[in-house]
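Hi everyone, thanks for coming. I'd like to walk you through a structure that is new to most of us, so please have a look at it first.

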Amino acid sequence: SDDPELRQWLFKQQLEYRLKKRGRRSSMTEEKITQLESLGVVWTDRFELRLEELVQYKREHGTCCVQRIHNGNLYAWVTRMRLRYHRMKNMEMEGNNESILHYQVDALNNIDFDWGEDISSIEWKNQLENLRQFRDNFGHCFVSHRPPPRYGIDARVDRKLGRWMSKMRVQYQRRKEGKSSDLTIERIDELNNLGFEWNKETVEWYDMYHTLQEYRKDHGNCAVPSNYENDPALGWWVADQKIQYDLLQRGLSSMMKEDRKAALDELGFLWDGEAEWSVMFDALKTFRSKHGHCVVPTTIGNDVDQTLAAWVIRKRQQYASLQNQHRKGEMVAANGDQSLNEITHDEIKALNELDFVWDTEKAEWDERYRELVAHRNEHGHSEIPLWFPANPSLGSWIFEQQRQRNLYVQGSSASTMTKERKRLLEDAGVVWRDTS
């Protein structure tokens with residue numbers, strides 16, 4: 001028909017007919033089928049319907065290159081035909097002749113259909129070049145696509161390239177299983193020539209390894225705390241490497257391999273408590289020389305090595321555990337095999353010589369008090385509100401000191417306020433208020 005509206009209507013009836021035959025919801029009824037067939041309507045398959053629609057599009061626009069804005073459904077169909085065509089060509093190159101689309105190819109060729117370049121081939125070329133540049137910049141192909149750590153932007157993170165590489169591994173696995181795959185032998189060879197790693201577990205391991213490299217550049221060591229706030233995944237991974245190494249030493253099943261251990265050794269990885277102690281104790285001595293005390297700030301936002309802060313907290317926790325054992329009358333070895341979860345008497349002695357503060361409550365009180373004095377020195381007053389955006393911890397601490405002082409004045413035994421603390425706070429300019 002030369003009537004566009006009638007032609008579109010007939011096309012819709014063909015689609016409704018196909019839906020009905022497939023048992024799908026359709027507006028087509030048996031009565032309508034009878035009426036249409038009496039008028040000479042011949043039911044065609046989906047390919048023939050779309051082909052007819054494409055022929056009409058070419059009459060109107062002079063080309064088979066369908067624009068999405070003109071006909072979204074036809075555009076999607078044409079795109080699928082191109083993808084199937086190029087996939088078939090790739091299969092033929094490897095000797096797997098898939099002839100199911102050949103009659104469709106002939107039909108489209110008869111109307112001078114432009115097969116163009118496969119979209120997936122264009123993406124392949126672009127991403128392969130991106131991977132080559134990455135390899136030239138970093139010396140490896142372990143592209144990270146996990147979210148960057150909170151402490152800044154990681155140049156190794158290229159989420160789009162990383163996802164593409166993950167897709168290549170999936171296609172590689174499909175090919176190994178004898179399933180259809182877009183990955184040809186030629187493409188596999190190109191990736192192998194770049195040093196592409198096909199094993200997902202190995203890729204994930206080296207992703208974290210290179211993150212540890214960046215950490216070492218920033219901190220000078222590999223002593224990542226297990227509860228590392230800036231990148232929790234890195235803290236967990238470092239702890240797991242020690243577990244895996246311990247399993248390897250005991251002859252048990254382990255993910256630790258000799259080449260991985262050698263790579264970690266090159267970074268100065270701390271495998272045991274003794275090695276970690278040496279590094280972190282030196283860091284604490286440096287901190288004490290600079291600040292005159294060992295109360296390492298632990299609040300987020302302080303310009304302090306969070307690794308050292310976490311280590312100090314862990315030492316206090318280990319000390320408290322040791323004291324509990326003594327109170328219970330349990331036997332505690334003076335020294336001997338040291339675990340990362342234990343503290344030795346020699347370590348306690350060394351820390352005491354630095355005037356280390358073991359009482360966590362006192363340590364926190366002293367830390368907040370120093371922040372209060374610093375605020376007064378900078379601003380000339382100690383009027384800090386409860387909701388204090390510049391330092392929320394200090395605001396809530398000041399409010400708590402007001403409350404504890406009131407309890408102290410009332411003679412309550414529940415108060416943690418002492419005569420000495422009250423004097424220090426008054427010296428710092430704190431004005432007492434009723435918090436009830």
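Let me start with a question: is Asp355 buried or exposed? Asp355 is exposed, because its relative accessible area is 54%. For those terms, buried means under 20% relative accessible area, exposed means over 50%, and partly exposed is in between, with a 1.4 Å probe and protein chains only.

Before going on, some ground rules. This is a predicted model, in which local features need pLDDT of at least 70 and side-chain atom pairs count only at pLDDT 80 or more, while totals for chains, interfaces and linings use all residues. Residues are numbered from 1 along each chain as its sequence is written, and side-chain values use heavy atoms, with hydrogens and water left out.

Okay, back to Asp355. You'll find Asp355 in the loop between helix 14 (345-352) and helix 15 (360-379). Its phi is positive, about 60 degrees, although Asp355 is not a glycine. Most residues other than glycine have a negative phi. Asp112 also has a positive phi, near 60 degrees, and is not a glycine either. Asp112 sits in the loop between helix 5 (102-109) and helix 6, and with a relative accessible area of 61%, Asp112 counts as exposed.

Now the overall picture. The protein chain has 17 helices and zero strands. Here helices are DSSP runs of H or I with at least four residues, strands are runs of E with at least two, and both are numbered from the N terminus. Out of 436 residues in the chain, 41% count as buried. About 25,900 Å² of the chain is exposed, and carbon and sulfur atoms supply 49% of that; the areas come from the Shrake-Rupley method with a 1.4 Å probe, and for residues only the protein chains shown count as cover. If you take contacts with a separation of 6 or more, 56% of them are between residues 24 or more positions apart. A contact means heavy atoms within 4.5 Å.

How confident is the predictor? The score is pLDDT, the predictor's confidence in each residue, from 0 to 100. The chain averages a pLDDT of 80, and 85% of the residues score at least 70. Among the elements, helix 4 has the lowest mean pLDDT, 75, and helix 17 (residues 419-427) has the highest, 93. Over residues 93-100 pLDDT stays under 50, and the model has 10 contacts beyond four places in sequence for them. Residues 331-340 are below 50 as well, with 20 contacts in the model beyond near neighbours in sequence. Where pLDDT is low, the predicted coordinates should not be read in detail.

Let's look at two helices. Helix 7 covers residues 159-176, so its 18 residues should span 26 Å at 1.5 Å a residue, and the end C-alpha atoms are indeed 26 Å apart. That expected span is 1.5 Å times one less than the number of residues. The buried residues of helix 7 include Leu161, Trp164 and Met168. After helix 7 comes Gly178, with a positive phi near 80 degrees.

Helix 10 (residues 232-249) has 18 residues too, with an expected span of 26 Å and end C-alpha atoms 26 Å apart, which agrees. Among its buried residues are Trp237, Asp240, Lys242 and Tyr245. Just after helix 10, Gly251 takes a positive phi of about 75 degrees.

So what does helix 7 touch? One answer is Gln127, which is in contact with Lys160, Leu161 and Trp164, leaving aside residues up to four places away in sequence. Gln127 belongs to helix 6 (residues 119-138) and counts as buried, because its relative accessibility is 5%.

On to the aromatics: how many aromatic pairs are there? The structure holds 15. Rings of Phe, Tyr and Trp (its six-membered ring) pair if their centres lie within 6.5 Å; planes under 30 degrees apart are stacked, over 60 edge-to-face, and the rest tilted. Phe47 and Trp77 are a tilted pair, because their ring centres are 5.7 Å apart and their planes lie at 50 degrees. Phe47 is in helix 3 (residues 46-61) and Trp77 in helix 4 (residues 72-93), so that pair links parts of the chain 30 residues apart. Both Phe47 and Trp77 are buried. There's also an aromatic cluster formed by Phe142, Trp205, Tyr206, Tyr209 and Trp237.
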